[in-house]
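Please find below a colleague's note on the structure, set out as numbered points. It deals with the pockets and with the ligand site.

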Amino acid sequence: MIDLRSDTVTRPTPAMRAAMADAEVGDDVYAEDPTVRALEERVAELFGGRHVGLFTPTGVMANQIAVRMSVGPGEELVLDADAHIVAHEDGAAAWHGGVQTRTALSPRGLLEPADVARLLRRGDPYTVGTRAVAVEQTHNRGGGSVYPLEQLAAIRELTSAADVVLHCDGARIWHAHVATGTPLAAYGELFDTLSVCLSKGLGAPAGSVVLLPGDRMPEARRMRHRMGGAMRQAGILAAGGLYALDRHIDRLAEDHAHAALVADRLTEAGLDVAAPETNVVLVLLPEPRPEAAEVAARCRESGVLVSAFGPRLIRLVTHMDVDASACAKAAEVVAVSAV
Ligand SMILES: *Cc1c(COP(=O)(O)O)cnc(C)c1O
């Protein structure tokens with residue numbers, strides 16, 4: 001099977017497994033796991049050293065800790081309508097935190113500064129006030145789209161002026177860094193809080209890190225504990241993350257090239273493809289083409305797995321476990337299955 005449903009399907013390489021097996025560990029609830037601490041420090045350093053890192057089992061938990069640190073029950077979070085926090089976290093912000101969201105439909109998921117300016121509210125006894133704004137870099141439902149740095153800086157200016165927290169769901173921020181050459185520290189400079197995934201394109205089996213201001217860390221550790229995410233000898237997982245940070249960032253350029261290859265082939269086959277900016281390819285299937293679920297089922301029969309991402313939307317995500325020839329084969333199968 002050629003599996004392009006997501007970049008979460010990667011399996012740890014033998015070398016990564018060896019690094020995990022060799023990890024020095026301790027009880028991380030006592031903050032005594034040296035490998036977890038090394039990972040948290042490493043990620044904080046990569047993003048410029050303004051934050052302190054906290055290891056979490058998942059990206060959802062990393063986002064939820066960041067959101068709840070800034071937005072209380074009945075308070076408001078502004079973000080784009082297709083954000084992962086809105087669409088793919090099972091309503092966690094509302095379920096766990098009673099957080100209200102206020103959203104804008106944005107081109108390829110990227111919030112426009114004018115929309116942020118319009119949505120931000122000071123709040124008074126009759127009006128809910130905005131506590132935080134969240135952006136997603138890269139944007140998943142936007143097809144791996146990348147915020148230009150100037151757009152983020154304009155949003156930062158607005159949130160600073162309004163004294164509102166700016167969070168980045170940076171599950172795939174590594175891809176934006178590789179695609180644009182923007183240093184990770186430049187992103188760290190812009191955001192009050194940031195979540196990053198080790199288990200997507202970086203290829204670790206599990207784990208995320210949430211970056212927060214240092215003075216919030218005791219509270220964040222308690223929140224992680226309440227959510228059931230305080231793990232013990234988690235250094236075994238953290239070692240996979242450290243290994244990935246050393247070896248698997250620069251190679252993301254290959255995944256981007258493979259996504260471009262898939263997009264080119266599908267465009268040549270007459271399909272409507274959103275130009276990929278990183279490792280995600282979105283294919284729109286207008287009438288009279290079959291629906292996405294039908295296309296995905298046909299692809300599966302031919303040995304290719306893709307996601308039905310909407311009634312008429314297919315998503316393919318390139319990653320380290322698929323090479324160029326597998327991507328070319330997958331594109332061929334999708335092209336045939338979509339007619
Ligand atoms: C995958 C992802 C997350 C976190 O997901 P987990 O499966 O919980 O690790 C958060 N945001 C975005 C944009 C994602 O793609």
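**Note on pockets and the ligand site**

1. The largest pocket has a volume of about 210 Å³. The model examined here is a predicted one. Among the residues that line this pocket are D82, R108, R141, D272 and L313.

2. Strand β9 (272-274) and strand β10 (280-284) are the elements that each give two or more residues to the lining of the largest pocket. The most, 3 residues, comes from β9. By class, this lining divides into 5 nonpolar, 3 polar and 4 charged residues.

3. Where does the largest pocket lie with respect to domain 1 and domain 2? Domain 1 (14-247) and domain 2 (251-337) both give residues to its lining, so the pocket lies between them.

4. The second largest pocket holds about 160 Å³ of space. Its lining includes R37, E40, E41, M217 and R221. Helix α2 (34-46), strand β2 (52-56) and helix α10 (217-226) each give two or more residues to this lining, and α2 gives the most, with 4 residues. The lining has 4 nonpolar, 2 polar and 4 charged residues.

5. The ligand is surrounded by 13 residues, of which G59, V60, D169, R172 and K200 are the closest. Helix α3 (residues 59-70) supplies the largest share of this shell, 3 residues. The shell has 3 nonpolar, 5 polar and 5 charged residues.

6. A backbone N or O atom of G59 lies 2.8 Å from an oxygen atom of the ligand. Polar side-chain atoms also approach ligand oxygen atoms: one of R172 at 3.0 Å and one of K200 at 2.8 Å. Taken alone, the ligand exposes 380 Å², and the protein buries 85% of that.

Note on methods
Residues are numbered from 1 along each chain as its sequence is written. This is a predicted model: local features need pLDDT of at least 70, side-chain atom pairs count only at pLDDT 80 or more; totals for chains, interfaces and linings use all residues. Side-chain values use heavy atoms; hydrogens and water are left out. A residue is near a molecule or strand if one of its heavy atoms lies within 4 Å of it. A polar contact is a pair of N or O atoms within 3.5 Å; within protein, one must be able to donate a hydrogen and the other to accept it, and residues adjacent in sequence count only if both atoms are side-chain atoms. Accessible areas come from the Shrake-Rupley method with a 1.4 Å probe; for residues, only the protein chains shown count as cover. Ala, Val, Leu, Ile, Met, Phe, Trp, Tyr, Cys and Pro count as nonpolar, Asp, Glu, Lys and Arg as charged, and the others, Gly among them, as polar. On a 1 Å grid over the protein atoms alone, a cavity is a set of points where a 1.4 Å probe fits but cannot get out, and a pocket is an open set with protein on both sides within 12 Å along at least five of seven lines; lining residues have an atom within 4 Å of a point. Grid points are joined across faces, edges and corners, and a volume is the space filled by probe spheres set on the points. Domain bounds come from an automatic or database domain assignment.
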